[in-house]
Amino acid sequence: MRHEMRAEYQETEGEQAQPWPVKTWHMVRDGERSAMCGRELRPDARALSEEDWGRTPEPFCHSCGALYLREVP
Ligand SMILES: [Zn+2]
């Protein structure tokens, strides 16, 4: 099964300041809208390859990390 990383953004007031700062990275199963931990993510959220897990300056969702590590060999 393939996965990709998707960004959860920090909450901002109104529609100013794009792109929004990334708050946390989540892992999403290929073709699904919500993260493995159950969080709904914006459809236009930035996506990264799963190979970047652990390599970005922003933190990762611990729940997604635990589930992801169980699904990949
Ligand atoms: Zn998550």
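**Entry 1: Asp44 and Arg42**

I began with Asp44, which is partly exposed, with a relative accessible area of 48%. The model I am reading is a predicted one. I looked for the charged partner of Asp44 and found Arg42, with which Asp44 forms a salt bridge. The closest N and O atoms of this pair are 3.1 Å apart. I then looked up Arg42 and noted a relative accessibility of 39%, so Arg42 counts as partly exposed.

**Entry 2: Ala45**

I moved along the chain to Ala45, which I located in the loop between E2 and E3. Is Ala45 buried or exposed? I recorded a relative accessible area of 7% for Ala45, and because buried means under 20%, Ala45 is buried. I next asked which residues Ala45 touches once its neighbours within four places in sequence are left aside. I found Arg6, Ala7 and Tyr9 in contact with Ala45. For Ala7 I also noted the C-alpha to C-alpha distance to Ala45, which is 5.5 Å, although the two residues are 38 apart in sequence.

**Entry 3: Arg29 and its partners**

I counted salt bridges in the structure and obtained six. I then took Arg29, which is partly exposed at a relative accessible area of 23%. With which residues does Arg29 form salt bridges? I found that the side chain of Arg29 meets that of Glu32 at 3.9 Å, N to O. I also found a salt bridge between Arg29 and Glu71, with the closest N and O atoms 2.8 Å apart. I placed Glu71 in helix H1 and Arg29 in strand E2, so this pair ties together parts that are 42 residues apart in sequence. I looked up the accessibility of both acidic partners: Glu32 counts as partly exposed at 39%, and Glu71 is partly exposed at 33%.

**Entry 4: Salt-bridge network**

I noted a network of salt bridges that links Glu8, Lys23 and Arg39.

**Entry 5: Zinc site**

I turned to the zinc ion and asked which protein atoms are its donors. I listed ND1 of His26 and the SG atoms of Cys37, Cys61 and Cys64, at 2.0 to 2.3 Å from the ion. Why is the arrangement of the four donor atoms called tetrahedral? I read angles of 104 to 117° around the zinc ion, and four donors count as tetrahedral if all angles lie between 85 and 135 degrees. I wrote the spacing of the donor residues in sequence as H-x10-C-x23-C-x2-C. Within this set I followed the pair His26 and Cys61, which links distant parts of the chain, 35 residues apart. I placed His26 in strand E2 (residues 22-29) and Cys61 in the loop between strand E3 (47-49) and helix H1 (62-71).

**Entry 6: Accessibility of the donors**

I checked how far the donor residues are exposed. I found both His26 and Cys61 buried. Cys64 counts as buried, at 0% relative accessibility. For Cys37 I noted 31% relative accessibility, so Cys37 counts as partly exposed.

**Entry 7: Disulfides**

How many disulfides does a search of the whole structure find? I recorded zero disulfides. The SG atoms of Cys37, Cys61 and Cys64 I had already entered as donors of the zinc ion.

Terms used: Residues numbered from 1 in each chain as written. Predicted model: local features only at pLDDT ≥ 70, side-chain atom pairs only at ≥ 80, totals over all residues. Heavy atoms only, no water. Donors = N, O, S within 2.8 Å, 3.2 Å for Na, K, Ca; no water. Tetrahedral: all angles 85-135°; square planar, octahedral: opposite > 155°, others 65-115°. Helix = DSSP H or I, 4+ residues; strand = E, 2+ residues; numbered from the N terminus. Buried < 20%, exposed > 50% of the residue type's maximum accessible area, 1.4 Å probe, protein only. Disulfide = S-S within 2.5 Å. Contact = heavy atoms within 4.5 Å. Salt bridge = Lys/Arg side-chain N within 4 Å of Asp/Glu carboxyl O.
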